[in-house]
Amino acid sequence: MIQCTAVTLLPAPAYITELATPERPAHAGHVACELGEHDGDHAQLLWTEDERDGAVWARWNTASTCIEFRPWCGALTDNRDEACGLFKDHPAGHSWQVTDPTREALRAVLAHQYPHEG
C-alpha cells in the first residue's frame, strides 16, 4: 500500500506566536501524511508520549487542522516482532504495510547508481 502524499502547512501555535519577535519570528511548518492511501483526515506524528502510551498527532482535512493525543494502534505483525506505529483506529493499513513512495524512489536511484553497495 502506497503512503498518502497529502501535505499541509501547520501554523505555529498561538503561545509561540505571542513570544515571537522580529529577530525570532514564529514559523509555520509542513507536515506530511504518514497513513496509507485513505479517505478522511490526514495525520503526522509530532511526538511520542510514552507515559500515556501514545503520541501527539497533527490531523487535518480540507476544512480544519488540529493537534491531538491518540493512543497507539497496538497491532503486531504476524510474528509479533513489529508494532504498528500509527494511532488506534487509523484508516488504511498498518505502518509496516505502508510504502513511502519518496523513500522507494530514492532507494531505486541509489541502487542504480551504486549497484554493488547494498
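**Questions on a predicted model**

Trainee: Which strand is Glu 49 found in?
Mentor: Keep in mind that this is a predicted model. Look for Glu 49 in strand β3.

Trainee: Is Glu 49 buried or exposed?
Mentor: The relative accessibility of Glu 49 is 13%. The cut-off for buried is under 20%. Glu 49 therefore counts as buried.

Trainee: Which side chain is joined to that of Glu 49 by a polar contact of 2.9 Å?
Mentor: Start with what Glu 49 touches beyond four places in sequence: Gly 54, Ala 55, Val 56 and Phe 69. The polar contact has another partner. Its 2.9 Å link runs from the side chain of Glu 49 to that of Trp 47.

Trainee: Where is Val 56 found, and is Val 56 buried or exposed?
Mentor: Val 56 sits in strand β4. Its relative accessible area is 6%. Buried means under 20%, so Val 56 is buried.

Trainee: Which residues is Val 56 in contact with, leaving aside neighbours within four places in sequence?
Mentor: One of them is Glu 49, and the list from Val 56 agrees with the list from Glu 49. The contacts of Val 56 also include Gln 44, Leu 45, Leu 46 and Trp 47. The others are Ile 67, Glu 68 and Phe 69.

Trainee: How many Å apart in space are Val 56 and Ile 16?
Mentor: In sequence, 40 residues separate Val 56 and Ile 16. In space, C-alpha to C-alpha, the distance is 17 Å.

Trainee: Which side chain makes a polar contact with that of Arg 59?
Mentor: Arg 59 is in strand β4. Arg 59 counts as buried, because its relative accessibility is 13% and the cut-off is under 20%. Its contacts beyond four places in sequence include Asp 41, Thr 65, Phe 87 and Glu 68. The polar contact, at 2.7 Å, is with the side chain of Glu 68.

Trainee: Which strand gives the most to the largest nonpolar core?
Mentor: That core has 15 residues, and Cys 33, Leu 35 and Trp 57 touch the most other members. Four of the core's residues come from one strand, residues 54-60. That strand is β4.

Trainee: Which residues does Cys 33 contact, leaving aside neighbours within four places in sequence?
Mentor: Cys 33 belongs to the largest nonpolar core. Its contacts include Gln 3, Cys 4 and Ala 6. The rest are His 38, His 42, Ala 43 and Trp 60.

Trainee: Is Asp 53 buried or exposed?
Mentor: Asp 53 is in the loop between β3 and β4. Its phi is positive, about 60°, although Asp 53 is not a glycine. Its relative accessible area is 52% and the cut-off for exposed is over 50%. So Asp 53 is exposed.

Trainee: What is the phi of Ala 92?
Mentor: Ala 92 is in the loop between β5 (65-71) and α2 (101-113). Ala 92 counts as partly exposed, at 38% relative accessibility. Although Ala 92 is not a glycine, its phi is positive, at about 65°.

Trainee: How many residues lining the largest pocket are charged?
Mentor: The pocket holds about 160 Å³ of space. Its lining is Gln 3, Glu 34, Gly 85, Leu 86, Ser 95, Val 98, Asp 100 and Arg 103. Two of these are nonpolar and three are polar. The number charged is three.

Note on methods: Residues are numbered from 1 along each chain as its sequence is written. This is a predicted model: local features need pLDDT of at least 70, side-chain atom pairs count only at pLDDT 80 or more; totals for chains, interfaces and linings use all residues. Side-chain values use heavy atoms; hydrogens and water are left out. On a 1 Å grid over the protein atoms alone, a cavity is a set of points where a 1.4 Å probe fits but cannot get out, and a pocket is an open set with protein on both sides within 12 Å along at least five of seven lines; lining residues have an atom within 4 Å of a point. Grid points are joined across faces, edges and corners, and a volume is the space filled by probe spheres set on the points. Ala, Val, Leu, Ile, Met, Phe, Trp, Tyr, Cys and Pro count as nonpolar, Asp, Glu, Lys and Arg as charged, and the others, Gly among them, as polar. A nonpolar core is a set of buried Ala, Val, Leu, Ile, Met, Phe, Trp, Tyr and Cys residues joined through side-chain atoms within 4.5 Å. Buried means under 20% relative accessible area, exposed over 50%, partly exposed in between (1.4 Å probe, protein chains only). Helices (H or I, at least four residues) and strands (E, at least two) are DSSP runs, numbered from the N terminus. Contact means heavy atoms within 4.5 Å. A polar contact is a pair of N or O atoms within 3.5 Å; within protein, one must be able to donate a hydrogen and the other to accept it, and residues adjacent in sequence count only if both atoms are side-chain atoms.
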